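User: I am new to this structure and would like to understand the reasons behind the labels attached to it. Could you take me through them carefully?

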Amino acid sequence: MKINSQSSSHVGNIYKKAEEIGIPEEEILDFSANISPLGLPESVKKAMEEAIGGTVNYPDPDCRHLREKIGKEEGVLSEHILCGNGGADLLYRIAFGLKPRKTLLAVPTFVEYEEALRAAGGKTDYYFMQEDFMIREDFLKKVTEETDLVILCNPNNPTGILTDRELIRKILDRAKVTGTVVLVDECFLEICEREEEFSVKTLLGSYDNLIILKSFTKMYAIPGVRLGYILSENQELLEKVSRAGQSWSVSHIAQCAGIAALSERKYKDQVKKTVAQELIYMKKELGKFPLKLYDGNANYLFFRTPGMEDLDRRLEQRGILIRNCSNYVNLGTDYWRVAVKSHPENERLIRELALIFNR
C-alpha cells in the first residue's frame with residue numbers, strides 16, 4: 001500500500017459540497033460524518049436556548065460545573081479533566097503543549113493527528129498495520145526512547161476495529177520504560193456496546209503517562225457546538241496542555257449543552273442499541289455487494305471496492321456523501337467509510353449502492 005499525502009480533507013462539509021454538485025444542503029444525506037443517528041437530544045437543545053442569556057458574560061475558563069458533571073459520570077476527580085473546543089482543539093493543544101519530537105502512529109488512522117503534530121513541528125513514525133488492520137504485539141518494538149508520544153485510536157478511525165485493552169496496557173508499560181506519553185482516543189468508544197470491555201479509563205490511576213481523549217460530538221450529535229475533554233492523573237501534563245490554548249476556548253452555550261447531555265442516560269443507551277442493530281443490518285446488506293467489508297464495531301463501516309475508485313462521485317450525484325479514505329496513510333484510492341445512520345437513511349444508501357453495483 002502506498003503512503004498518501006495528508007492534505008486537509010475534513011468530513012461534514014456539506015456547504016462546499018452542495019455548491020460543487022448543485023444540490024441544496026438540506027437535500028444532501030451525509031454519510032461522511034459519524035454522529036448519533038438519533039439526532040440532537042431535546043434537553044440539550046433546550047439547555048442551549050436557555051444559555052443564550054448568559055452569553056453577555058465571558059464563559060467560565062475553568063469549566064468548573066461541566067468538569068464536576070463529567071467527573072461524576074466518568075468516576076474521576078474534576079482536577080483530572082481538561083475541557084476544550086472539541087476533540088480537534090485538544091489534539092492541537094496536546095501537540096503544542098507537549099511538543100513531541102517524534103510520535104508513533106498505527107496507520108491508517110485519523111488524519112488530524114498528523115496535521116496537529118506537523119503544525120507543532122513534530123515528526124511522525126509509522127506502524128503499518130497489515131491487511132486486517134489490527135495492531136499486534138510487534139508494535140511494542142516501535143516504542144523507543146526516541147518516541148515522545150504514542151497515539152492510539154480505539155476503535156480506530158477509519159476502520160472501526162478495536163484494540164484489546166490488555167495490549168494497550170502492555171504498550172503503556174513499555175512507554176513507562178521509554179518515558180513516552182500515550183494518548184488513547186476513545187471518542188467513538190462510548191457508542192460501542194463493548195465500551196466497558198475496551199476502555200482504558202480504569203488504568204488512569206496506574207499510569208501517569210496516559211491521556212484519554214473524549215468528545216460530546218459523536219454521542220450527542222452536536223458537532224457544531226464543539227466540545228471535548230481529556231482525562232489524565234498527571235497534573236503537570238494537563239497544565240502544559242491547558243497553557244497551549246486560550247482561556248475561553250469553551251463557550252457558555254457549549255458548557256451548558258455538555259451538562260445537559262451528561263444527564264441523558266436513556267438517550268445514550270438507545271444510541272448504543274440503535275447503532276448495534278443497524279450495524280447488523282448494514283453488514284448483512286453490504287456483504288451482498290462486490291466489496292471487501294471490514295468487521296468494525298464503531299458507528300461507521302469501512303470497506304474497499306477493488307477496481308472502483310469513484311464510488312464517492314457516483315453517490316454524490318445521488319445526493320449522498322461518503323468518506324473517501326484515500327488521504328489516510330497506508331490506504332489506496334478504493335477505500336471508503338460510511339456512517340451508521342437511522343434505518344430509513346441506511347436503507348436509502350443500500351438502495352443506491354445496489355443501483356451502482358447493478359444488484
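User: What volume does the largest cavity have?

Analyst: In this predicted model, the largest cavity has a volume of about 70 Å³. The count comes to 3 cavities of 30 Å³ or more.

User: What makes a residue part of the lining of the largest cavity, and which residues are they?

Analyst: A lining residue has an atom within 4 Å of a cavity point, and the residues that line the largest cavity include Ala106, Met129, Phe133, Ile151, Leu152, Cys153 and Asn156. Strand E5 gives the most to this lining, with 3 residues. By kind, the lining divides into 8 nonpolar residues, 3 polar ones and no charged ones.

User: Phe133 is named in that lining; why is its pair with tyrosine 294 called edge-to-face?

Analyst: The ring centres of phenylalanine 133 and tyrosine 294 are 5.2 Å apart, and their planes make an angle of 65 degrees. Rings pair if their centres lie within 6.5 Å, and planes over 60 degrees apart count as edge-to-face, so both conditions are met here. Because phenylalanine 133 lies in the loop between strands E4 and E5, while tyrosine 294 lies in the loop between strands E9 and E10, the pair ties together parts that are 161 residues apart in sequence. Both phenylalanine 133 and tyrosine 294 are buried.

User: What makes the pair of tyrosine 294 and phenylalanine 302 tilted?

Analyst: Here the centres are 5.1 Å apart, with 40 degrees between the planes; this angle is neither under 30 degrees, as stacked requires, nor over 60, as edge-to-face requires, and therefore the pair counts as tilted. Phenylalanine 302 is buried, as is tyrosine 294. Phe133, Tyr294, Phe302 and Tyr335 form one aromatic cluster, and the structure holds 14 aromatic pairs.

User: How do you know that the charged end of lysine 292 sits over the ring of tyrosine 294?

Analyst: The charged end of lysine 292 is 5.1 Å from the centre of that ring, which fits the distance limit of within 6 Å. Lysine 341 likewise lies over the face of phenylalanine 31, at 5.7 Å from the ring centre.

User: Why is asparagine 209 called buried?

Analyst: Its relative accessible area is 6%, and buried means under 20%, so asparagine 209 earns the label. Asparagine 209 lies in the loop between helix H7 and strand E7, and among the residues that it touches, leaving out those up to four places away in sequence, are Leu172, Ala175, Lys176 and Val182.

Note on methods:
Residues numbered from 1 in each chain as written. Predicted model: local features only at pLDDT ≥ 70, side-chain atom pairs only at ≥ 80, totals over all residues. Heavy atoms only, no water. Phe/Tyr/Trp six-rings, centres within 6.5 Å; stacked < 30°, edge-to-face > 60°. Helix = DSSP H or I, 4+ residues; strand = E, 2+ residues; numbered from the N terminus. Buried < 20%, exposed > 50% of the residue type's maximum accessible area, 1.4 Å probe, protein only. Lys NZ or Arg CZ within 6 Å of the ring centre and 35° of its normal. 1 Å grid on protein atoms, 1.4 Å probe; cavity = no way out; pocket = protein on both sides within 12 Å on 5 of 7 lines; lining within 4 Å. Points joined across faces, edges and corners; volume = space filled by probe spheres on them. Nonpolar A, V, L, I, M, F, W, Y, C, P; charged D, E, K, R; others polar. Contact = heavy atoms within 4.5 Å.
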